[in-house]
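Welcome, and thanks for taking a look at this one with me. Below are a few numbered notes to read alongside the sequence and the structure.

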Amino acid sequence: MEDLITQLKKEIIEALNLEEMTPADIDAEAPLFGDEGLGLDSIDALELIMLMEKKYGIKLASAAQGKEIFKSVAAMADYVSKNRKK
């Protein structure tokens, strides 16, 4: 699971053009959205959805599902490990 978390951190940095960050800068348990953690916004959410579809073959069923999946990098990794198609 640690490898997947590191891979997701790298993919998030690349997808969201966070050049000034490294995977070590991202706390796997920190919130991705809101004032804490990375502080991502709705545009970033769309990028993460596209990342999930392209890299892992995962399509989200609803916005509510996305809120749970994108809660943190660790939550994303858990969901990917259970649902990836590629």
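1. Let us begin at one residue. K71 has a relative accessible area of 52%, and since exposed means over 50%, K71 counts as exposed. Please keep in mind throughout that this is a predicted model.

2. Where does K71 sit? You will find K71 in the loop between α3 and α4. Setting aside the neighbours within four places in sequence, K71 is in contact with A30, P31 and L32. For a sense of scale, K71 and L16 are 55 residues apart in sequence, while their C-alpha atoms are 16 Å apart in space.

3. Now step back to the whole chain. Its secondary structure comes to four helices and zero strands, and from the N terminus on the order of elements is α-α-α-α. The C-alpha atoms fill a box of roughly 30 × 25 × 20 Å along the principal axes. A compact globule of 86 residues would have a radius of gyration near 12 Å, and the chain agrees, because its value is 12 Å.

4. How much of the chain is buried? Of the 86 residues, 38% count as buried. The chain exposes about 5400 Å², and carbon and sulfur atoms supply 51% of that area. Among contacts with a separation of 6 or more, 59% are between residues 24 or more positions apart.

5. The helix I would study with most care is α2, residues 42–56. Helix α2 has 15 residues and reaches 21 Å from its first C-alpha to its last, close to the 21 Å expected at 1.5 Å a residue. Its buried residues are D44, A45, L48, L51, M52 and Y56. Why do these residues belong to the same side of α2? They cover an arc of only 115° around the axis, which puts them on the same side of the helix. As background, an α-helix has 3.6 residues a turn, so residues three or four places apart point the same way.

6. Turn α2 around and you meet another set of residues. The face turned away from the buried side carries the exposed residues S42, I43, L46 and K54. As for the buried residues of α2, what covers them includes α1 (2–15), α3 (63–69) and α4 (73–83).

7. Both ends of α2 repay a look. D41 caps the N-terminal end, with a side-chain oxygen 3.1 Å from the backbone nitrogen of I43. After α2 comes G57, whose phi is positive, near 65°.

8. Helix α1 can be read in a similar way. α1 has 14 residues and reaches 20 Å from its first C-alpha to its last, close to the 20 Å expected at 1.5 Å a residue. The buried residues of α1 are L4, I5, L8, K9, E11, I12 and I13, and what covers them includes α2 and α4. Just after α1, N17 takes a positive phi of about 55°.

9. Which residues of α4 are buried? They are V73, A74, M76, A77, Y79 and V80. The cover over these residues includes α1, α2 and α3. If you return to K71 now, you can place it again in the loop between α3 and α4, exposed at a relative accessible area of 52%.

Key. Residues numbered from 1 in each chain as written. Predicted model: local features only at pLDDT ≥ 70, side-chain atom pairs only at ≥ 80, totals over all residues. Heavy atoms only, no water. Helix = DSSP H or I, 4+ residues; strand = E, 2+ residues; numbered from the N terminus. Expected span 1.5 Å × (residues − 1). Buried < 20%, exposed > 50% of the residue type's maximum accessible area, 1.4 Å probe, protein only. Arc of directions from axis to C-beta. Contact = heavy atoms within 4.5 Å. Polar contact = N/O pair within 3.5 Å; in protein donor to acceptor, adjacent residues only side chain to side chain. Rg over C-alpha atoms; globule rule 2.2 N^0.38 Å. Areas by Shrake-Rupley, 256 points an atom, 1.4 Å probe, with all protein chains shown as cover.
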